[in-house]
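Here's a quick tour of pockets and aromatic rings in one protein model. Have a look at the structure, then read on.

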Amino acid sequence: MTSLTLPRPRTARRAAFGQIVLNEARLTWRRPVGLIGGVAIPLVLLVIFGKVSKFQQPSATLGGLTAFDLYLPILVVFALAMLALLGLPIPLASYRELGLLRRLSTTPVPRSWMLIAQGLVQLCVAVAAIVIMIIVSMAAFGSPAPKSPAGVMVAVALSAAGLFPIGLLIAAIARTANAASVIGRLAFFPMMFFAGLWLPRALMPEVLLTISNYTPLGAAVEAIQDSMLQGFPPVAPLLVLAGYAVVFGFLARRFFRWE
C-alpha cells in the first residue's frame, strides 16, 4: 500500500503565504495606481529632466553639481512615497471597506499576512523602480555609478521603513479607499516639497532646510543623495528615518482596524 505524504505545516504555511503574495501582485498589476505613480511617473520625469540641456550643466549655486544629479534621488524618493502613501493604503482600506479583512478572521490564515503581502509587493515595485531609474540615468544620461552602493541600499531600506508605516497609518484611519486616496495625496505633496521637488534642498533657505532635514522625505533625499554622490550617508538622516519607522510603526499597530 502506498502511503500518503502530507505536507508539513511549515511548508503549507509558506505555500499559503506565497499564494497571498502572488494574488496581491496580480491585483497590483490589474489596478496599476501604484505602478503608474511609483514607476511610470518618476521614470518619465527622469527622462524629461535628462533631455533638458540646462539640467546637465554644473551649477555653482548647486555646489558644482548638475540639476539632474540632484533630481535623481528626489525622483527615487518620489517613487517610494507614491507607493507608501498611495499604493499601500488604498488597497488595504478597500479590503476593509469590502469586508475582506473581517472575513479573513474566519479562516486559518492570519489577517496580518495580508498586510505583510501587500507591503512586500509594494516594496518589490519600489526596488524595481529605483533600479530602473539608476540604470537609465547611467546608460542614457551619463550619470556616475553610486559612490556607495551599500549606502544606497541602507538609505533606501530605512526610507521604506520610515514611509511604509505612514501608509499603514493612513490605511488605519481611512474608512474607505477614496478617503485613503485623499489623505495620501494630502500627505504626499507637502512632503515632496520638503524633499526638494519644487525647490531643490541646495537652494532652500536655512529654515526650510532645517525643517526638511527632519521630515521623512527630506531625510530620505539627504541619505540617498549622499550615498550616490559622496559615500556612505551620515548618521543624522538615518536616525530620523529610523525614528519615523518606530513612531509610525507603533501608531499603525495601535490604530489599525480590521473591520
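## The second largest pocket

The lining of the second largest pocket in this predicted model has ten nonpolar residues, with no polar and no charged ones. You can pick them out by name: Val127, Ile130, Val131, Ile134, Pro146, Pro149, Val152, Met153, Val156 and Ala157.

How big is the space they line? The second largest pocket has a volume of about 210 Å³. Helices H6 and H7 each chip in at least two lining residues, and H7 gives the largest share, with five.

## The largest pocket

Now for the largest pocket, which has a volume of about 430 Å³. It is lined by 16 residues, and the ones closest to its centre are Ser112, Leu115, Ile116, Leu168 and Ala252.

Three helices each supply at least two residues of this lining: H6 (112-141), H7 (149-173) and H11 (235-255). Which helix gives the largest share of the lining of the largest pocket? That's H6, with six residues. Sort this lining by class and you get 13 nonpolar, two polar and one charged residues.

## Aromatic pairs

Time to switch to rings. A pair of aromatic rings is described by the distance of the centres and the angle of the planes. Searching the whole structure turns up nine aromatic pairs. Take Phe78 and Phe188: their ring centres are 5.2 Å apart and their planes sit at 90°, so this pair is edge-to-face (the cut-off is over 60 degrees).

Where do these two sit? Phe78 is in helix H3 (residues 67-87) and Phe188 is in helix H8 (residues 177-195), so the pair ties together parts that are 110 residues apart in sequence. Phe78 counts as buried because its relative accessibility is 6%, and Phe188 also counts as buried, at 2%.

A second pair brings in Phe189 and Trp198. Their ring centres are 6.4 Å apart and the planes are at 40°, so this pair is tilted. With 44% relative accessibility, Phe189 counts as partly exposed. Put the names together and you have one aromatic cluster, formed by Phe78, Phe188, Phe189 and Trp198.

## A charge over a ring

One last thing to find on screen is a ring with a charge above it. What sits over the ring of Phe255? It's the charged end of Arg254, 5.1 Å from the centre of that ring.

Terms used
Residues numbered from 1 in each chain as written. Predicted model: local features only at pLDDT ≥ 70, side-chain atom pairs only at ≥ 80, totals over all residues. Heavy atoms only, no water. Phe/Tyr/Trp six-rings, centres within 6.5 Å; stacked < 30°, edge-to-face > 60°. Helix = DSSP H or I, 4+ residues; strand = E, 2+ residues; numbered from the N terminus. Buried < 20%, exposed > 50% of the residue type's maximum accessible area, 1.4 Å probe, protein only. Lys NZ or Arg CZ within 6 Å of the ring centre and 35° of its normal. 1 Å grid on protein atoms, 1.4 Å probe; cavity = no way out; pocket = protein on both sides within 12 Å on 5 of 7 lines; lining within 4 Å. Points joined across faces, edges and corners; volume = space filled by probe spheres on them. Nonpolar A, V, L, I, M, F, W, Y, C, P; charged D, E, K, R; others polar.
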